[in-house]
Amino acid sequence: MKKAIVTGVSGQDGAYLSQLLLDKGYTVFGTFRRTSSVNFWRIEELGIQNHPNLHLVEYDLTDLGASISLLNKCEPDEVYNLAAQSFVGVSFEQPSTTAQITGVGALNLLEAIRLVNTKIRYYQASTSEMFGKVQAVPQKEDTPFYPRSPYGVAKLFAHWMTVNYRESYDIFGCSGILFNHESPLRGREFVTRKITDSVAKIKLGQLDVLELGNLNAKRDWGFAKEYVEGMWRMLQANQPDTFVLATNRTETVRDFVRLAFKGAGIDVEFFGKDENETAVDSTTGKVVMTINPKFYRPAEVELLIGDPSKAKAVLGWQPTTSLESLCEMMVKEDLRRNEQGFSF
Ligand code: NDP
Ligand code: GDR
């Protein structure tokens, strides 16, 4: 039976990946950090919180000593490093913390592997945010990087460290450059889930207006459950490598707003421009979305669209859930949760 460490088990991907590994017969050590009130709602939603092969371990990846102890204690075959300060907006407010957690945290794990056991396979959760300012489209493994946020810069450091440890110490380190992936387990600070949760509340009469920032940004959105399968496949491959996971379709935030309202049975029309843009319910004439410039970012990533053909050719991985189905699934779940009076 294989053993895996999944850092960030309380996050969206950590929950889905733990479920996948448990289904495959792994023993999973899911790490979480100590806070005054740890929240395991995602693994509870997936029904795996009491799985006999899931062990929840307290760990903070900014601590090198703790990283070494973790590997000594768990003796894993595979480490999936998903823990991060993962919110781009917050990285502008807390650049140093983001660098420590998202950048140096990954280095701590790589160092621990080098010191404890170089046979441990390592997955680094890299990101399309490393591409940042558009250099070429669609973005693929050899597209030049140009990060546009402290988060993107920290992730680029972790990416290159993974490549460097692969080349210097022969460590099986894979870097998965994943484009945005969403689900009903997505945090509500991210734009898709913020939209589906607010649309559900508007539909149920619990909220009047959804407030957003830049509607023109274009993203390549896929379904998180399919992306964690790609992470696992990378660590089963013959050679460690870097792979893009994406859908190769891009839409604006505005398109996602329209889709989400449609999913709740509300047709909207958009009026105005920039800070004055609004979305209006075509049936009632009520304004249901406005712009609040506080959600604008100091520097924006305008366009992401990924080419996943290498992952398809080498790993046999490809996404299947359409953006329409994904959005509908999220709206439906948020309607259910808000109807029942709770929403995480
Ligand atoms: P989430 O924000 O949902 O989860 C992040 C996890 O990291 C949480 O479990 C969080 O714990 C944990 N964490 C944060 N700081 C620390 C720390 N100092 N020590 C230990 N754990 C910590 O992210 P996702 O699941 O969406 O993403 C998983 C990874 O993939 C992240 O690294 C993200 O940057 C990356 N990524 C995500 C993409 C996406 O579209 N979802 C795309 C590309 C990359 P807590 O619950 O305590 O906050
Ligand atoms: P992103 O995701 O920055 O791509 O990072 P997010 O959902 O936060 O933003 C996507 C785009 O929507 C615009 N936007 C808003 N964003 C938020 N959060 N809130 C708003 O109100 C709002 N209005 C408009 C943003 O400006 C942006 O252009 C995510 C994270 O999961 C990262 O960890 C991951 O690496 C990348 O995806 C790939």
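These legends walk through several close-up views of a predicted model.

**View 1. The whole model and how sure the predictor is about it.**
Before zooming in, here are the confidence numbers. The protein has a mean pLDDT of 98, and 100% of its residues reach 70 or more. For the complex, the predictor gives an ipTM of 0.99 and a pTM of 0.98.

**View 2. The stretch from 5 to 330, labelled in UniProt as "domain: NAD(P)-binding".**
That label comes from an unreviewed UniProt entry. Over residues 5-330, helix makes up 39% of the chain and strand 18%. Pick out the C-alpha atoms at the two ends of this stretch and you'll find them 28 Å apart.

**View 3. Tyr122 and the residues around it.**
Tyr122 sits in strand 5, which covers residues 121-127. UniProt, again in an unreviewed entry, lists Tyr122 under "binding site". Is Tyr122 buried or exposed? It counts as buried, because 26 C-beta neighbours fall inside 10 Å, and 20 or more is enough for that label. Setting aside residues within four places in sequence, Tyr122 is in contact with Val79 and Asn81, with Leu109, Leu110 and Ile113, and with Thr162, Ile171, Phe172 and Gly173.

**View 4. Ligand 1 and its shell.**
There are 25 residues around ligand 1, and the ones that come nearest are Gly8, Gly11, Ala83, Ala84 and Ala125. Two elements each give two or more residues to this shell: helix 1 (12-23) and strand 5. Helix 1 gives the most, with three residues. Sorted by class, the shell around ligand 1 has 14 polar, eight nonpolar and three charged residues.

**View 5. Ligand 2 and its shell.**
Here 21 residues surround ligand 2. Which of them come nearest? Those are Val88, Thr127, Val191, Gly213 and Ala217. Helix 4 (88-93) and helix 7 (191-203) are the elements that give two or more residues to the shell around ligand 2. By class, this shell splits into eight nonpolar, seven polar and six charged residues.

**View 6. Ligand 2 again, this time with the two domains.**
Why is ligand 2 said to lie between domain 1 and domain 2? Both domains give residues to the shell around ligand 2, so the ligand lies between them. To trace them in the model, follow 3-182 + 221-245 for domain 1, and 191-218 + 251-302 + 321-339 for domain 2.

Methods
Residues numbered from 1 in each chain as written. Chains lettered and ligands numbered in written order. Predicted model: local features only at pLDDT ≥ 70, side-chain atom pairs only at ≥ 80, totals over all residues. UniProt positions renumbered as here; feature names shortened; annotations may be inferred. Helix = DSSP H or I, 4+ residues; strand = E, 2+ residues; numbered from the N terminus. Buried ≥ 20, exposed ≤ 12 C-beta atoms within 10 Å, placed from the backbone. Contact = placed C-beta atoms within 7 Å. pLDDT = per-residue confidence, 0-100. Near = placed C-beta within 6 Å. Nonpolar A, V, L, I, M, F, W, Y, C, P; charged D, E, K, R; others polar. Domains from an automatic or database assignment.
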